[in-house]
Amino acid sequence: MLIRNDDKDWNHARSSEITPLGVYQDRRQWIRQLAAGAAGVGLTSWAGRDALAQGATARPGKLPALPAAISKVAGAVTMEKPTTYQDASTYNNFYEFGTDKADPARNSSRFQTSPWSVEVEGLVKQPRTFALEDLLKLGAQEERIYRLRCVEGWSMVIPWIGYSLAQLLKQVEPLGSAKYVEFVTAADTKTMPYVGSGVLEWPYVEGLRLDEAMHPLTLLSFGMYGEILPKQNGAPVRLVVPWKYGFKSSKSLVKIRLTEAQPRTAWNKSAPQEYGFYSNVNPNVDHPRWSQASERRIGEDGLFAKKRKTLMFNGYEAQVGQLYAGMDLKKFY
Ligand SMILES: Nc1nc2c(c(=O)[nH]1)N[C@H]1C(S)=C(S)[C@@H](COP(=O)(O)O)O[C@H]1N2
Ligand SMILES: [Mo]
């Protein structure tokens, strides 16, 4: 298998991906409006209506801005129309707060995200606990606009803020024996009403192969839509792995552990025949209970809204395809 660890190769934007600065600046304006609700007002989308009907409070108050430069990592900025902030912050999966899409926004207000620290341990030369304040400064904050494809068959486009996880991993110096990275998330029974329930094993744990974790598109995210993350989206720090189904993008990270053995993940433990370790977005490998060939883009609702074709690796094949060269993706699903 060909594994490329030199991220310089990925940083060359192809000419087709180079967009004039003015276009980006217009888009940033637009994204700020989306966050402010000016373009969104929720009622146009069924997710928004859903949230409204169920009485969810859309916004926990004005969130502080997180300044960020536009990412130069190849593939990191899709020109597709971002989902509204309203939809992205009220249509969520975060099972610690409930299984309904409106539950995370509704039930997360008591969850404490400060003080916060992330422990990095296992097969590394320099194990270390990072206070959030230090983590925030470890890399330059970038804006990346990624497609997010949930395994359930819906998708969004979200402008995230953060930096490549590789920048954190380089700090702790992985040992040669490290092959995988395990991500452990918060499990506070006092403020997370579903932790302790039987829906999943807690804490929610995810994992990546080390080369996947080191890929420049793998984002450690602190914000979205120019602002710090709301709790329902995984505050204060989460992962975003855009070419994999959404459940690989663990929210509210507390521990990162480098291991030799492949980690057992929350969804794999709960239904191994449905959720494998890799979970790459793949329109040719169906979920045992439904097709993965197409998706519904949140916000594109209504009678005449067409489903979209799901793209191989969620449209990031040019950037990540080589990580899986020679692998049978039906077997390693
Ligand atoms: N800790 C934790 N992280 C999680 C989940 C979860 O239930 N718990 N749900 C996942 C799923 S299924 C998806 S689709 C994404 C959704 O992220 P978003 O709400 O920011 O769009 O978060 C992922 N991360
Ligand atoms: Mo998901």
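Contact here means heavy atoms within 4.5 Å. In this predicted model, isoleucine 256 touches, by that criterion and leaving aside residues up to four places away in sequence, Val118, Glu119, Val120, Glu121, Leu165, Leu168, Leu169, Val181, Glu182 and Phe183.

**Overall architecture**

The protein is built with 9 helices and 13 strands, and 54% of its 333 residues count as buried. Among the contacts with a separation of 6 or more, 74% are accounted for by residues 24 or more positions apart. The area that the protein exposes comes to about 14600 Å², of which carbon and sulfur atoms supply 54%.

**The nonpolar core and strand S5**

Isoleucine 256 also appears in the largest nonpolar core, a set of 87 residues in which Leu220 and Ile256 are those with the most contacts inside the core. Strand S5, which spans residues 154–164, contributes 7 residues to this core, the largest share. In soluble globular proteins, nonpolar side chains tend to be buried together.

Strand S5 is also the place of glycine 162. Why does glycine 162 count as buried? Glycine 162 has a relative accessibility of 0%, and buried means under 20%, so this residue falls in the buried class. Its contacts, not counting residues up to four places away in sequence, are with Ala140, Gln141, Glu142, Leu219, Leu220, Ser221 and Phe222; Leu220, named above for its contacts inside the core, is thus listed here as well. Between glycine 162 and leucine 66 the C-alpha to C-alpha distance is 9.3 Å, although the two residues are 96 apart in sequence.

**The surroundings of ligand 1**

Ligand 1 is surrounded by 17 residues, the closest being Asn92, Tyr95, Glu96, Arg238 and Lys251. By residue class, this shell divides into 7 nonpolar, 7 polar and 3 charged residues. Three polar contacts of the ligand are set out in the table below, with the kind of atom on each side.

| Residue | Protein atom | Ligand 1 atom | Distance |
|---|---|---|---|
| Asparagine 92 | N or O atom in the side chain | oxygen | 2.8 Å |
| Serine 249 | polar backbone atom | nitrogen | 2.9 Å |
| Lysine 251 | polar side-chain atom | oxygen | 2.7 Å |

Taken on its own, ligand 1 has 540 Å² of accessible area, and the protein covers 99% of that area. Asparagine 92 and lysine 251, both listed among the closest residues of the shell, meet oxygen atoms of the ligand through their side chains, whereas serine 249 meets a ligand nitrogen atom through its backbone.

Definitions and conventions
Residues numbered from 1 in each chain as written. Chains lettered and ligands numbered in written order. Predicted model: local features only at pLDDT ≥ 70, side-chain atom pairs only at ≥ 80, totals over all residues. Heavy atoms only, no water. Helix = DSSP H or I, 4+ residues; strand = E, 2+ residues; numbered from the N terminus. Buried < 20%, exposed > 50% of the residue type's maximum accessible area, 1.4 Å probe, protein only. Areas by Shrake-Rupley, 256 points an atom, 1.4 Å probe, with all protein chains shown as cover. Near = heavy atom within 4 Å. Polar contact = N/O pair within 3.5 Å; in protein donor to acceptor, adjacent residues only side chain to side chain. Nonpolar A, V, L, I, M, F, W, Y, C, P; charged D, E, K, R; others polar. Core = buried A, V, L, I, M, F, W, Y, C linked by side-chain atoms within 4.5 Å.
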